[in-house]
Amino acid sequence: MKKFIEEFKAFALRGNVMDMAVGVIIGGAFSGIVTSLTDNFITPVISLIGGTRYTMEQVTGFVSNFLGTVVNFLIMAFILFCILKAVNKLTHLGQKPEEPAAPTTKVCPFCCSEIPVAATKCAHCASEMPKEE
């Protein structure tokens, strides 16, 4: 059972799964903005063409409904950002930093060309490499 939980944790915290989850959540929240835009701006404008009149109170209600939806989206996006930042910090908590790779080349002291570390003679100027101690 412990191995099963470890495998599920590795699967759920992979980048692709987290990215997909964020996309679904943000997409759902953004669909709320599109619906609000349609209900509160586009439909009333089309109704104006048909002869419907709106009071200033109704127009203010349309605007406040849309702005409320936008604020909800921004709050949800901020909370999701904070959660993902915490999850990323937790996943990297137990990992050791990677050691830098050993150099594969060195610079010839005579001609300043790059040569392999194991070279005993420079391929560019044919100089003997000094022995390193």
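## A look at a stretched-out helical chain

In helix 3, the buried residues include Phe62, Phe66, Thr69, Phe73 and Leu80. Keep in mind that this is a predicted model, and let's see what else the chain has to show.

**The overall layout**

The protein chain has three helices and two strands. Walking along from the N terminus, you meet them in the order α-α-α-β-β. How does the radius of gyration of the chain compare with that of a compact globule of 133 residues? The chain has 31 Å, while such a globule would be near 14 Å. The C-alpha trace tells you about the outline too: along its principal axes, the trace spans about 95 × 50 × 20 Å.

What share of the 133 residues counts as buried? The figure is 14%. The accessible surface of the chain adds up to about 10900 Å², and carbon and sulfur atoms make up 67% of that. As for contacts, take those with a separation of 6 or more: 33% of them link residues 24 or more positions apart.

**Helix 3 and its neighbour**

Back to helix 3, which has 36 residues. At 1.5 Å a residue it should span 52 Å, and its end C-alpha atoms are 52 Å apart, so the expected and modelled values agree.

Now hop over to Asn40, which sits in helix 2. Is Asn40 buried or exposed? Its relative accessible area is 9%, and buried means under 20%, so Asn40 counts as buried. Which residues does Asn40 touch, if you skip those up to four places away in sequence? They are Phe62, Asn65 and Phe66. Two of these names may ring a bell: Phe62 and Phe66 are among the buried residues of helix 3.

**A nonpolar patch outside**

Helices 2 and 3 turn up again on the surface. Leu37, Phe41, Ile42, Ile46, Met56, Val59, Val63 and Leu67 make a nonpolar patch there, and together they have about 680 Å² of accessible area. Helix 2 (15-49) and helix 3 (56-91) are the elements that give two or more residues to this patch. Take Val59 as one of its members. Val59 lies in helix 3, and its relative accessibility is 36%. Partly exposed covers the range between 20% and 50%, so that is the label Val59 gets.

**Two salt bridges**

How many salt bridges does the structure hold? There are two. Here they are with the distance between their closest N and O atoms:

| Salt bridge | Closest N and O atoms |
|---|---|
| Lys3 and Glu7 | 4.0 Å |
| Glu128 and Lys121 | 3.8 Å |

Where do Lys3 and Glu7 lie? Both are in helix 1 (residues 2-12), four residues apart, which is about one turn of the helix. There is a handy rule behind that: an α-helix has 3.6 residues a turn, so residues three or four places apart point the same way.

How open to the outside are these partners? Lys3 has 63% relative accessibility; exposed means over 50%, so Lys3 counts as exposed. Glu7 has a relative accessible area of 45%, and that makes it partly exposed. The other pair can be read in a similar way: Glu128 is exposed, with a relative accessible area of 52%, whereas Lys121 is partly exposed, with 45%.

Conventions: Residues numbered from 1 in each chain as written. Predicted model: local features only at pLDDT ≥ 70, side-chain atom pairs only at ≥ 80, totals over all residues. Heavy atoms only, no water. Salt bridge = Lys/Arg side-chain N within 4 Å of Asp/Glu carboxyl O. Buried < 20%, exposed > 50% of the residue type's maximum accessible area, 1.4 Å probe, protein only. Patch = residues over 30% accessible without salt bridge, like charges linked within 9 Å, V, L, I, M, F, W, Y side chains within 5 Å. Areas by Shrake-Rupley, 256 points an atom, 1.4 Å probe, with all protein chains shown as cover. Contact = heavy atoms within 4.5 Å. Rg over C-alpha atoms; globule rule 2.2 N^0.38 Å. Expected span 1.5 Å × (residues − 1).
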